[in-house]
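Me: I would like a close look at one part of this model, the sheets and what packs on them. Please go through it in a connected way.

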Amino acid sequence: MPHHASRRSLLTAAAMAAVAAAGAASATLGTPGAPDDPRSPEEPPGHHPDRASLRRFVDGMSLAEKVGQLFVSRAYGHAATDPDPADAEQNQALFGVRTAAELVSRYHLGGIVYFAWAHNTRSPHQIAALSVGLQQAALTSGARIPLLLSTDQEHGAVARIGAPATLFPGAMALGAGGSTADAQRAARIAGAELAALGIRQDYAPVADVNVNPANPVIGVRSFGSDPHAVAALVAAQVRGYQGAGVAATAKHFPGHGDTETDSHVGLPVMRHTRAVWEELDEPPFRAAVEAGVDAVMTAHIVFPALDPSGDPATLSRPIVTGILRERLGFQGVVVTDALDMAGVRQKYGDDRVPVLALLAGCDQLLNPPDLGLAYRSVLTAVEAGELTEGRIEESVLRILELKSRRGLFDEAYTTTEAVDATVGIRRHRDAADQIAAGTTTLLANPRGLVPIDATAGPRLLVTGTDPASPTGTTGPPTAVLARELTALGCRATAVPPARAVAAVPGHAAVLVCTYNVPEQDDDDPQHRLVTDLVASGVPVILLAVRNPYDPARLPACAAELATYSWTDVEMRAAARVLTGAVRPAGRLPVPVPGRYPLGHGLTR
């Protein structure tokens, strides 16, 4: 039997077995039982349990099961019960079990987060089979509650699942496009593909307003610097994801857009006043709440104007409860950013962080560095009276309500047929290209070099930086750009930077891709390359393939464009703009200091 057919058959068999197993498992939330059985709500099978039913179910859970529901952990391996030996060893070393399924059962987990580096996301059918296996583990052990499987699929610069799944432009590219309809359409399709893979929570959209060009961690992950434009796009994506049955997660509250430290490696400090926060950072989160967002993710940042204690927002009751819950009226699930990040671990130990996050008002505890320690710490805090069991139950109830809203108590499983009918289909890929067509921004064109007359078959040299693919399934961008230009009628060749200057003679133009050029650094290799190419006398077309600030840090070129991402969909869009197949329509969603204002963008 061919390998592909075998994989499909196995997934189908696994799904059928899982559904059969779930018949009994889901009865705990769907079939009436004895009147004194707290796990027997009166909701009939196949219906969403109501709040009262869920409340009775929570009352019947053990404390260990309740605490487990709060945790969303990583797990190593491509399969729930049969990981590769190296992944089994990693699970054993970190968690004391060899498989992801055993991890779910041991800790009564509420969710698993998928990462490429944990080998969870190799291919669509593999991801779906993993999801089925994990749900089967959850629904045949402990409280028999379906998992909320999640990932960071922002698109653009941050994506865990690659081709053949559909990859869309990232947030800042969508901000350049300026279309809320396109933003919602992208999220709706992306959400449908995630749901087909069994993933029902996406840690997107980013609601941060990026007003700092030096921000090392947000940048193009943000829709832009105008809080009202960002708010509209955030709300559109919330509606899109959740319209596809996937919980959206607005992040990173109370706003990470004006920091100069990456919270993965340090503890950023936001210096905005309360008035500035209300004007700049609050609107996108308020819009997300008003759009009915299922979850909000906290930031590991200190925000003295909102809480002078020096605690990161994730651990701040004034921020999580006082502002998010009480001021904004958010009643959904609050999820921490990953608890293995340095920003939340500097002031307190790994045993205290999960307890303090719950005291602050968080519900889901994402990816603690030591799951066993974090789990025991919460149990101990309840037993010691620092946390009440009632406080734990509040969070569990919110988590179960989210799972119910997303239909997990109706159907927790996916199938091979759902994958084949949804993931990476032609209609979705065409939509991605259509949306990307409106995002490429023509910043400068003083010589009228763009559009290039492709009908004449001009020789073009493509060079510059080739950043690693966010998913490992796209690029390299210079090769993709050269290929697409050639398909449109040009004769384009990609060469590495070391050979570029020598290769210039005989070409009509040079296209150079740049990636986050540092300020005031003439010795930077990218700066030297562009300087030398400009000096050659052949027209140079600059493409800033991540942050759009590069043109202000480099010599002026014959034409300058911003693509906001270096993935294939944006390189294809840039090629079409360069050759006139589509008119440039993108407008800067952030200002480029010293060069271009907010909203700048040429149409020819």
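Reply: Two strands count as paired if DSSP finds at least two bridges between them. The model is a predicted one. By that rule, one open sheet has 3 strands in the order S7-S8-S9, and its pairing is parallel. At its edges stand strand S7 (249-253) and strand S9 (333-335); each has a single partner strand, so one side of each is left without a neighbour in the sheet. Direction ignored, neighbouring strands of this sheet are turned by 25 degrees against each other on average.

S7 is joined to strand S8 (residues 295-298) by 4 bridges, and the two run parallel. One of the paired positions is Phe-253, whose bridge partner in S8 is Thr-298. Helix H10 (residues 274-290) packs on this sheet and touches S7 and S8. The direction of H10 makes about 160 degrees with that of S7.

Another open sheet has 6 strands, with the order S11-S16-S15-S14-S12-S13 and mixed pairing. Strand S11 (441-444) and strand S13 (491-494) are the edge strands, each pairing on one side only. From one strand to the next, the twist averages 25 degrees.

At the S13 edge, strand S12 (residues 459-464) runs parallel to S13 and is joined to S13 by 4 bridges. Arg-459 has Arg-491 of S13 as its bridge partner.

Two helices lie across strands of the 6-stranded sheet. Helix H17 (residues 477-487) lies across S12, S13, strand S14 (509-514) and strand S15 (540-544), and runs at about 170 degrees to S13. Helix H19 (residues 525-535) lies across S12, S14 and S15, running at about 170 degrees to S14.

The nonpolar cores complete the picture. The largest nonpolar core has 133 residues, and Phe-71 and Leu-134 are those with the most contacts inside it. Neighbours within four places in sequence left aside, Phe-71 is in contact with Leu-109, Gly-110, Gly-111, Leu-365, Pro-368, Leu-371, Ala-374, Tyr-375 and Val-378. Apart from the largest core lies another one, of 40 residues, including Val-480, Ala-492, Cys-513 and Tyr-549. Among these, Val-480 falls within H17 (residues 477-487), Ala-492 within S13 (491-494), and Cys-513 within S14 (509-514).

Note on methods:
Residues are numbered from 1 along each chain as its sequence is written. This is a predicted model: local features need pLDDT of at least 70, side-chain atom pairs count only at pLDDT 80 or more; totals for chains, interfaces and linings use all residues. Side-chain values use heavy atoms; hydrogens and water are left out. Axes are lines fitted to C-alpha atoms, for helices over the stretch in contact, and angles run from 0 to 180 degrees between N-to-C directions. Contact means heavy atoms within 4.5 Å. A nonpolar core is a set of buried Ala, Val, Leu, Ile, Met, Phe, Trp, Tyr and Cys residues joined through side-chain atoms within 4.5 Å. Buried means under 20% relative accessible area, exposed over 50%, partly exposed in between (1.4 Å probe, protein chains only).
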